[in-house]
Amino acid sequence: MQHIFQKGTDPSKPTLVLLHGTGGTEHDLLPVAQIVSPESSVLSVRGNVLEHGMPRFFRRLSEGVFDEKDLIFRTIELNEFLNEAATKYELDRNNFIAVGYSNGANIAGSLLFHHQGSLRGAILHHPMVPRRGLKLPDLSGTPVFIGAGRNDPICAPQETEELQTLLTQAGAHVTVHWEQHGHQLTHSEVHAASSWLQSHINQG
Ligand code: MLT
């Protein structure tokens with residue numbers, strides 16, 4: 001997959017896997033990584049699907065209605081890419097934290113839903129429930145940060161709460177940070193994710 005790799009200054013820090021929103025690229029979240037964990041290695045990936053020229057991580061049938069077959073296929077593809085990148089760049093595959101926004105948060109959620117051990121933890125900015133009616137793998141002890149907007153028209157607060165419940169029932173430790181805004185990724189949300197990472201991951 002098309003990507004940017006930036007080697008970190010502290011190999012004990014988690015590798016941040018950056019996953020952009022619809023219409024974005026692998027460049028978008030690089031400044032976010034600098035705030036969240038500046039010493040980490042960064043693997044920033046571009047989605048392989050194009051919707052009217054806009055990169056995404058999987059196809060959708062309409063706004064908020066996912067093409068489940070493609071979602072499953074693309075989630076496997078991303079997981080395999082992460083395995084290959086860990087070997088190529090000599091990274092600890094067990095120390096990958098996803099940082100996803102919108103469509104990128106949705107495929108990060110899908111990694112958690114489908115592939116045990118694919119992520120050590122995740123920062124999900126404005127995620128939706130990737131699939132329903134699925135038995136989730138054991139996510140015991142997996143830390144997950146969800147950034148959400150009380151007025152998000154794409155991801156309603158009830159959907160955030162549903163995702164929180166599904167992940168918690170699978171054993172994940174979920175922290176939800178609420179903003180009084182819509183779907184946009186705000187500065188204060190990124191700083192909240194950074195504080196969360198320091199207390200839940202970087203302190204061990
Ligand atoms: C999606 O399709 O993943 C969600 O609707 C978020 C987005 O607009 O990308």
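Me: Which residues is Leu78 in contact with, leaving aside its neighbours within four places in sequence?

Reply: This is a predicted model, so read every contact as computed. Leu78 is in contact with Met1, Leu19, Val45, Ile107 and Leu111, once neighbours within four places in sequence are left aside.

Me: How should I read such a cluster, and which residues of the largest nonpolar core touch the most other members?

Reply: In soluble globular proteins, nonpolar side chains tend to be buried together. Here the largest nonpolar core has 38 residues. Leu19, Leu78, Leu82, Phe96, Leu124, Val144 and Leu167 touch the most other members. Several elements each supply at least two residues of this core. Among them are the strands β2 (15-19), β3 (42-45), β8 (96-101), β9 (121-125) and β10 (143-149). The helices α2 (68-88), α3 (103-114) and α4 (157-169) are also among them. A second, separate core holds 20 residues, including Ile4, Ala33, Ile123 and Ala193.

Me: Now the sheet. In what order do the strands run, and is the pairing mixed?

Reply: Strands of a sheet pair through backbone hydrogen bonds, either parallel or antiparallel. In this model, 7 strands form an open sheet with mixed pairing. The order is β1-β3-β2-β8-β9-β10-β11. The edge strands, β1 (3-6) and β11 (173-179), each pair on one side only. From one strand to the next, the twist averages 15°.

Me: Which bridges join β8 to β9, and how do β2 and β8 pair?

Reply: β8 and β9 run parallel and are joined by 5 bridges. Val99 stands opposite Ile123 in β9, and Ala98 stands opposite Ala122 in β9. β2 and β8 also pair in the parallel sense, over 5 bridges. Leu18 has Val99 in β8 as its bridge partner.

Me: How many residues of β8 are buried?

Reply: 6 of the 6 residues of β8 are buried, so the strand is largely enclosed by the rest of the structure. Look at the two faces separately. Phe96, Ala98 and Gly100 are buried on one side. Ile97, Val99 and Tyr101 are buried on the other.

Me: Which strands does α3 lie across, and which does α4 touch?

Reply: α3 lies across β2, β8, β9 and β10. Its run is at about 140° to β8. α4 packs on the sheet and touches β9, β10 and β11. The direction of α4 makes about 165° with that of β11.

Me: Which residues of α5 are buried, and what do they pack against?

Reply: An α-helix has 3.6 residues a turn, so residues three or four places apart point the same way. In α5 (residues 187-202), the buried residues are Glu189, Val190, Ala192, Ala193, Ser194, Trp196, Leu197, Ile201 and Asn202. The buried residues of α5 pack against α1 (30-36), β8, β9, β10 and β11.

Me: How do I describe a helix pair, and at what angle do the axes of α2 and α3 cross?

Reply: Two packed helices are described by the angle between their axes and the distance between the axes. The axes of α2 and α3 come within 10 Å and cross at roughly 85°. That makes α2 roughly perpendicular to α3. From α2, the meeting residues are Leu71, Ile72, Arg74, Thr75, Leu78, Asn79 and Leu82. From α3, they are Ile107, Ser110, Leu111 and His114. By class, this contact has 6 nonpolar, 4 polar and 1 charged residues.

Me: Where does Thr160 sit, and is Thr160 buried or exposed?

Reply: Thr160 is in helix α4. Thr160 is buried, with a relative accessible area of 2%. Leaving aside neighbours within four places in sequence, Thr160 is in contact with Ile146, Ala148, Cys155, Val176 and Trp178.

Me: What is phi of Glu90, and what is phi of Ser102?

Reply: Phi of Glu90 is near 55°, a positive value in a residue other than glycine. Glu90 lies in the loop between α2 and β8. With 73% relative accessibility, Glu90 counts as exposed. Phi of Ser102 is near 55°, again positive in a residue other than glycine. Ser102 lies in the loop between β8 and α3. With 12% relative accessibility, Ser102 counts as buried.

Me: How many residues apart in sequence are Glu68 and Arg131?

Reply: Glu68 and Arg131 are 63 residues apart in sequence. In space they are 7.5 Å apart, C-alpha to C-alpha. Glu68 is in helix α2 and is partly exposed, with a relative accessible area of 35%.

Note on methods: Residues are numbered from 1 along each chain as its sequence is written. This is a predicted model: local features need pLDDT of at least 70, side-chain atom pairs count only at pLDDT 80 or more; totals for chains, interfaces and linings use all residues. Side-chain values use heavy atoms; hydrogens and water are left out. A nonpolar core is a set of buried Ala, Val, Leu, Ile, Met, Phe, Trp, Tyr and Cys residues joined through side-chain atoms within 4.5 Å. Buried means under 20% relative accessible area, exposed over 50%, partly exposed in between (1.4 Å probe, protein chains only). Helices (H or I, at least four residues) and strands (E, at least two) are DSSP runs, numbered from the N terminus. Contact means heavy atoms within 4.5 Å. Two strands pair if DSSP finds at least two bridges between them. Axes are lines fitted to C-alpha atoms, for helices over the stretch in contact, and angles run from 0 to 180 degrees between N-to-C directions. Angles under 35 degrees count as roughly parallel, over 145 as roughly antiparallel, 65 to 115 as roughly perpendicular and the rest as oblique. Ala, Val, Leu, Ile, Met, Phe, Trp, Tyr, Cys and Pro count as nonpolar, Asp, Glu, Lys and Arg as charged, and the others, Gly among them, as polar.
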